[in-house]
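Please look at the sequence and the structure together, and keep both in view while reading. The paragraphs that follow start from a single residue and widen out from there.

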Amino acid sequence: MTDRAVTRRRTARLTAASATSVAGELTEISAYGCRVVMPVDPTLAGAIELSLDGASPVGAQVIWNRAGVLACRFDAPMSRAQLRALTIQDN
């Protein structure tokens, strides 16, 4: 599955052992990971939990963190149904 741009604003909430819960915006997603824009400490790395658009949290790893943009890899691939729900455009 290829990366998909998110067609409407989707929220992301990050929780990490070294940080309190932080809200942001999901900008890209694939079955294996995502990119989110959120104001986090530039040293944030490692294991996190992401709640995407209010869904149950999923485990992920921060791959890189630059200027308020995080690239994350999910601990387990997202199902096709979950991915579709996050990328489909509302009419």
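Glu49 is partly exposed, with a relative accessible area of 42%, where partly exposed denotes the range between buried, under 20% relative accessible area, and exposed, over 50% (1.4 Å probe, protein chains only). Glu49 belongs to strand S4, and the name follows a numbering from the N terminus of DSSP runs, with helices being H or I runs of at least four residues and strands E runs of at least two. The C-alpha atom of Glu49 is separated by 8.1 Å from that of Arg13, although the two residues are 36 apart along the chain. Arg13 is also among the residues in contact with Glu49 once neighbours within four places in sequence are left aside, and the others are Leu14, Thr15, Pro57 and Val58; contact here means heavy atoms within 4.5 Å.

What is being described is a predicted model, in which local features need pLDDT of at least 70 and side-chain atom pairs count only at pLDDT 80 or more, whereas totals for chains, interfaces and linings use all residues. Residues are numbered from 1 along each chain as its sequence is written, and side-chain values use heavy atoms, with hydrogens and water left out. The pLDDT, which is the predictor's confidence in each residue on a scale from 0 to 100, averages 83 over the chain, and 85% of the residues score at least 70. Among the elements, strand S1 (residues 4–16) has the lowest mean pLDDT, 71, and strand S6 (residues 69–74) has the highest, 95.

The chain contains 6 strands and 1 helix, and read along the sequence they give the pattern β-β-β-β-β-β-α. Strand S4 (residues 46–52) runs antiparallel to strand S5 (residues 58–66), and 5 bridges join them; two strands are said to pair if DSSP finds at least two bridges between them. Within this pairing, Ala47 has Gln61 of S5 as its bridge partner. The hairpin of S4 and S5 has 5 residues between the strands, and there Asp53 takes a positive phi near 55 degrees.

From S5 the path can be followed into S6, since these two strands also form a hairpin, with 2 residues between them and with Ala67 in the turn at a positive phi of about 50 degrees. S5 and S6 pair in the antiparallel sense over 6 bridges, and Val62 stands opposite Cys72 in S6. S6 also pairs with strand S3 (residues 33–37), again in the antiparallel sense and over 5 bridges, with Ala71 of S6 as the bridge partner of Arg35.

Which residues meet in salt bridges? The structure holds 2 of them, a salt bridge being a side-chain nitrogen of Lys or Arg within 4 Å of a carboxyl oxygen of Asp or Glu. In one, Asp53 is joined to Arg10, with the closest N and O atoms 2.6 Å apart. This pair links distant parts of the chain, 43 residues apart, with Asp53 in the loop between S4 and S5 and Arg10 in strand S1. Asp53 is partly exposed at 32% relative accessibility, while Arg10 is buried, with a relative accessible area of 3%. In the other, the side chains of Arg35 and Glu28 meet at 3.3 Å, N to O; Arg35 is partly exposed at 31% relative accessibility, and Glu28 is partly exposed as well, at 27%.

The interior can be approached through the largest nonpolar core, a term for a set of buried Ala, Val, Leu, Ile, Met, Phe, Trp, Tyr and Cys residues joined through side-chain atoms within 4.5 Å. This core has 22 residues, and those with the most contacts inside it are Ile29, Leu50, Leu52 and Leu70. Two or more residues are given to this core by each of S1, strand S2 (19–29), S3, S4, S5, S6 and H1. Leaving aside neighbours within four places in sequence, Leu50 is in contact with several residues, including Leu14, Cys34, Val58, Cys72 and Phe74.

In helix H1 (residues 80–87), Leu83, Leu86 and Thr87 are buried. Seen down the axis of H1, its buried residues fall within an arc of 90 degrees, taken over the directions from the helix axis to the C-beta atoms, so they line one face of the helix. The face turned away from this buried side of H1 carries the exposed residues Ala81 and Arg84.
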